[in-house]
Amino acid sequence: MTIQLFDTMAGAARELAPLEPGHVRVYSCGPTVYGPAHIGNFRSFLFDDLLVRYLRYRGFKVTWVMNVTDVDDRIIKGARAEATTIGELSGRYRKMLVSDMQTLGITMPDFMPKATENIPQMVELIQKLLDGGHAYKTDDGSIFFRIASWPEYGRLARLDPEGMKVGERIEADNYGKDDVRDFALWKGPKPDEPSWETSIGPGRPGWHIECSAMSMRYLGPSFDIHTGGVDLVFPHHTDEIAQSEAATGQRFVAYWLHNAFLQMGGQKMAKSLGNIERVGDIIDRGISPRALRLALISAHYRMALSFGEDSLQAASSAVDRLDALFAALATYRCDCADDATLAGLLDGTNAAFETALDDDLNISPALAALFDLVRELNRRVDARVLSTADARRAAAFIRDLDRVLGIAPTAEAALEPDLQEMLDERAAARAARDWAGSDQLRVALAARGVLVEDSRDGQRWRRAD
RNA sequence: GGCGACGUACCCAAGUGGUUAAGGGGGAGGUCUGCAAAACCUCUAUUCGGCGGUUCGAUCCCGCCCGUCGCCUCCA
């Protein structure tokens, strides 16, 4: 079975066939670090993470690049407001970004380049476009891409280039353009704005050029997958394609993948709409990071996903269910024969899981396969038809699937000595039928974040997180 | 106005031209249990926005209508 991915350019799912067999090169449009990212942004990064995790799970080598935009209008404005530098401001929020990514279990990209550290690469690209007649300079030192020089312009977004001439708005900033549709590759210097001295003149980069320059730097002029939110289809990715392909003469990207928005209150989550939530705030409310992660990946990436208190609660409960199973499997002891049908059960689950994800990362049936297995394993634990080794095997199997999902509890570390002592005392109390003492210790352990449950195999415990 | 998508139970959310419409959450009842928790069992959409059409048969295909959302401007 092969992996199908929905390519925006084709408007259809296409079989993944990397340019270099066995090695997939992925570029994800990362955030502009002008402030703390919200969970809508993280839905995108979690989609990227799921994609990369699954490709690796399926045996591909993956080189993953996610850019961080650290110079733009909002950063400049923010730095000015705080009387600090764009480097200080963007550095601060970049740290917060990485911290939130770690909280959510997002794999660290192989490269997270900053725009400001790739100015020479951008300049080189812009020079090529100037040389090729695809770009021109205006009086203020800005350089624009000439859309009229690129007939393919707008194909990704299915835009009619002629139609764009009607009803467009002219930014006061951008006087001097030959055509209002032309976009900035390079912005001429202005007082109070950071500026770089370069061979194409002083100024700072336009928005789109950084992604072309950085993706090509790390992945080559032509690579496999480029991801981003649907809002980036136009103009960002449209412009990236034009400038990249005009400069290199090669196809820029083989598969364009776009994720839908996270919604809250029936609208997309957006800072401008004021309906945002941040990772830190949600964790501070006592929601576990894994529950938040599950809530944000639980629907297909191209479908709008509703977020709210209900979805967080549902995800929390689902994660608890998984945790309880792991605790039960870890505690389970049965000196009985191996379950002859376990291997078949696991194989079936594995097949359903991969079939689902192979189909454009269709996560819902994949999760259904996992939770079907959870129920079946609970049944077998209750019925005591598994051997002790079976229980280990089952847990290991789920951990293997979890390389993709990232929602299982971390392998249980031993309890702190004092907590273990309480647990032992409680076992003794129970043996002595000292229910009052036993209940008291259970409450005390819960207060320390350890949930204790009694089972036929003795006490089970799991972290509350 | 142009382009794109969506509308499935109380909530979230899969899915298929035809035997029981996934899964998670929630709710009701039950089993187990010193208690608690967990788990398991049963029930919770004769129905898939509405109206037509194609078909032996449509939730799934086509058309229209209604509703919602997104992009067309910074945006994940």
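This report describes a predicted model of protein chain A with RNA strand B.

## Overall build

Chain A has 14 helices and 15 strands. Its C-alpha trace spans about 90 × 50 × 35 Å along the principal axes. Of its 465 residues, 53% count as buried. The chain exposes about 20400 Å². Carbon and sulfur atoms supply 52% of that area.

Contacts reach far along the sequence. Take the contacts in chain A between residues at least 6 apart: 74% of them join residues at least 24 apart.

## Domains

The domain assignment splits chain A into domain 1 (4–259), domain 2 (279–405) and domain 3 (417–463). The centres of domain 1 and domain 3, taken over C-alpha atoms, are separated by 55 Å.

## The surface near the RNA

The protein places 51 residues around RNA strand B. Trp207, Gly229, Lys268, Met269 and Arg379 come nearest. On the RNA side, sugar and phosphate make up 69% of the strand B atoms that come within 4 Å of the protein.

By class, this surface has 18 nonpolar, 17 polar and 16 charged residues. Helix H11 (residues 363–383) gives the largest share, with 9 residues.

## Polar pairs with the RNA

Lysine 268 is among the residues that come nearest to the strand. One of its polar side-chain atoms lies 2.4 Å from a phosphate oxygen of RNA strand B. Arginine 375 also faces a phosphate oxygen of the strand: an N or O atom in its side chain is 3.1 Å away.

Serine 438 pairs with a base. A polar atom in its side chain lies 3.5 Å from a base oxygen of RNA strand B.

## Threonine 8 and threonine 69

Threonine 8 sits in the loop between strand S1 (4–7) and strand S2 (12–15). It counts as buried because its relative accessible area is 14%, under the 20% cut-off. Leaving aside neighbours within four places in sequence, threonine 8 is in contact with Leu156, Arg158, Val233, Trp256 and His258.

Threonine 69 is also a loop residue, between strand S4 (61–66) and helix H2 (73–81). With 3% relative accessibility, threonine 69 is buried. Its side chain makes a polar contact with the side chain of glutamate 210, at 2.9 Å. Beyond four places in sequence, the contacts of threonine 69 are Pro31, Thr32, Val33, Ile75 and Glu210.

## An exposed loop residue

Serine 199 lies in the loop between strand S7 (183–187) and strand S8 (204–205). Its relative accessibility is 66%, so serine 199 counts as exposed; the cut-off is over 50%.

Serine 199 and glutamate 124 are 75 residues apart in sequence. In space, their C-alpha atoms are 8.9 Å apart.

## Unusual backbone geometry

Most residues other than glycine have a negative phi, and most peptide bonds are trans. Several sites in this model depart from that pattern.

A cis peptide bond joins phenylalanine 234 and proline 235, with omega about 0 degrees. Proline 235 is found in helix H6 (residues 233–248). Aspartate 360 is not a glycine, yet its phi is positive, about 55 degrees. Leucine 361 also has a positive phi, near 55 degrees.

## The loop before helix H11

Aspartate 360 is in the loop between helix H10 (342–358) and H11. Leucine 361 lies in the loop between H10 and H11 too. Is aspartate 360 buried or exposed? Aspartate 360 counts as buried, at 3% relative accessibility. Leucine 361 is buried as well, with a relative accessible area of 1%.

Helix H11 itself brings 9 residues to the surface near RNA strand B. Thus this loop, with its two positive phi values, connects to the helix that gives that surface its largest share.

Terms used
Residues are numbered from 1 along each chain as its sequence is written. Chains are lettered from A and ligands numbered from 1 in the order in which they are written. This is a predicted model: local features need pLDDT of at least 70, side-chain atom pairs count only at pLDDT 80 or more; totals for chains, interfaces and linings use all residues. Side-chain values use heavy atoms; hydrogens and water are left out. A residue is near a molecule or strand if one of its heavy atoms lies within 4 Å of it. A polar contact is a pair of N or O atoms within 3.5 Å; within protein, one must be able to donate a hydrogen and the other to accept it, and residues adjacent in sequence count only if both atoms are side-chain atoms. Helices (H or I, at least four residues) and strands (E, at least two) are DSSP runs, numbered from the N terminus. Ala, Val, Leu, Ile, Met, Phe, Trp, Tyr, Cys and Pro count as nonpolar, Asp, Glu, Lys and Arg as charged, and the others, Gly among them, as polar. Buried means under 20% relative accessible area, exposed over 50%, partly exposed in between (1.4 Å probe, protein chains only). Contact means heavy atoms within 4.5 Å. Accessible areas come from the Shrake-Rupley method with a 1.4 Å probe; for residues, only the protein chains shown count as cover. Domain bounds come from an automatic or database domain assignment.
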